[in-house]
Amino acid sequence: MVSADTPIITREILFSLGQVVKHRLFPFRGVIFDVDPEFDNCEEWYKAIPEAMRPAKDQPFYHLLAENAETTYIAYVSQQNLLPDTSGRPVSHPDVPDMFGALQGDMYDLGPRLRN
C-alpha cells in the first residue's frame, strides 16, 4: 500500500527549469537549472548514498542552485526526493541572477543562458 509519505517514482519530468523546490527529507531548497531524464552522475557519488536511502536511477535527476541555513551550493537530486516550494521566498544562491530573471510565485523567469 502506498502512503502519503511514499514517493512516487516516475520517468515523467514533473518539475521545470526555474522552479523553486525543496528536498523531501533534508532541510534545503533550490531552483532547478538543469535536468537529466535519468541518473547521469558518477558511480562513486551514487554509492556514497546510504543504501537504504539510495534513489532509483531510472527517474529524472535535477541540478539545483541550492541553499540551506548555512551555505549555498549545487545539488543533484532525484525526482522522488523533491517537492514544490510554494513559500514565494527567493533562493539566495549567488548564481541565481546569472541564470534567472524575476521570481514569479514559485518560478523564476529563465535568463538568456537557459532560454536556448
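These legends describe close-up views of a predicted protein model.

**View 1. The whole protein contains three helices and seven strands.** From the N terminus on, the elements run β-β-α-β-β-β-α-β-β-α. The radius of gyration is 14 Å, close to the 13 Å that the globule rule gives for 116 residues, so the protein is as compact as a globular protein of that length. Along the principal axes, the C-alpha trace spans about 40 × 30 × 30 Å. Buried residues account for 37% of the 116 residues. The protein exposes about 6,900 Å² of surface, and carbon and sulfur atoms supply 53% of that area. Now consider contacts between residues at least 6 apart in sequence: 54% of these join residues at least 24 apart.

**View 2. Five strands line up in an open sheet.** What is their order? Reading across, it is β4-β3-β2-β1-β5. The pairing is antiparallel. Two strands sit at the edges: β4, residues 72-78, and β5, residues 82-84. Each edge strand pairs on one side only. On average, neighbouring strands of this sheet are turned by 45 degrees against each other, direction ignored. In a regular strand, side chains alternate between the two faces of the sheet.

**View 3. Strand β1 has a partner on either side, β2 and β5.** β1 covers residues 20-23, and β2 covers residues 29-36. Together they form a hairpin, with five residues between the two strands. Three bridges hold the β1 and β2 pairing, which is antiparallel. β1 also runs antiparallel to β5, again with three bridges. Follow Val21 here. Which residue of β2 stands opposite Val21? That residue is Gly30. Towards β5, Val21 stands opposite Pro84.

**View 4. Strand β2 is largely enclosed by the rest of the structure.** Why is β2 described this way? Six of its eight residues are buried, so the rest of the structure largely encloses this strand. A residue counts as buried when its relative accessible area is under 20%. β2 also pairs with β3, residues 61-67. Seven bridges join β2 and β3, and the sense is antiparallel. Asp34 of β2 stands opposite His63 in β3.

**View 5. Two glutamines, Gln79 and Gln80, sit in the loop between β4 and β5.** Are they buried or exposed? Gln79 has 3% relative accessibility, so Gln79 counts as buried. Gln80 is buried too, with a relative accessible area of 11%. Each side chain has a polar contact to look for. The side chain of Gln79 meets that of Tyr62 at 2.4 Å. The side chain of Gln80 meets that of Gln59 at 2.7 Å.

**View 6. Thr72 belongs to strand β4.** This strand is one of the two edge strands of the sheet. Thr72 has 28% relative accessibility, so Thr72 counts as partly exposed. Partly exposed residues fall between the buried limit of 20% and the exposed limit of 50%. Which residues does Thr72 touch, leaving aside its neighbours within four places in sequence? Thr72 is in contact with Ala66, Glu67, Ser92, His93 and Pro94. Asp95 is another useful marker. Thr72 and Asp95 are 23 residues apart along the chain, and their C-alpha atoms are separated by 9.6 Å.

**View 7. Gly105 lies in the loop between β6 and β7.** β6 spans residues 100-104, and β7 spans residues 107-110. At 49% relative accessibility, Gly105 counts as partly exposed. Exposed would require over 50%. How far apart in space are Gly105 and Ile13? From C-alpha to C-alpha, the distance is 20 Å. Along the sequence, Gly105 and Ile13 are 92 residues apart.

Terms used: Residues are numbered from 1 along each chain as its sequence is written. This is a predicted model: local features need pLDDT of at least 70, side-chain atom pairs count only at pLDDT 80 or more; totals for chains, interfaces and linings use all residues. Side-chain values use heavy atoms; hydrogens and water are left out. Two strands pair if DSSP finds at least two bridges between them. Helices (H or I, at least four residues) and strands (E, at least two) are DSSP runs, numbered from the N terminus. Axes are lines fitted to C-alpha atoms, for helices over the stretch in contact, and angles run from 0 to 180 degrees between N-to-C directions. The radius of gyration is taken over C-alpha atoms; the globule rule is 2.2 Å times the number of residues to the power 0.38. Buried means under 20% relative accessible area, exposed over 50%, partly exposed in between (1.4 Å probe, protein chains only). Contact means heavy atoms within 4.5 Å. Accessible areas come from the Shrake-Rupley method with a 1.4 Å probe; for residues, only the protein chains shown count as cover. A polar contact is a pair of N or O atoms within 3.5 Å; within protein, one must be able to donate a hydrogen and the other to accept it, and residues adjacent in sequence count only if both atoms are side-chain atoms.
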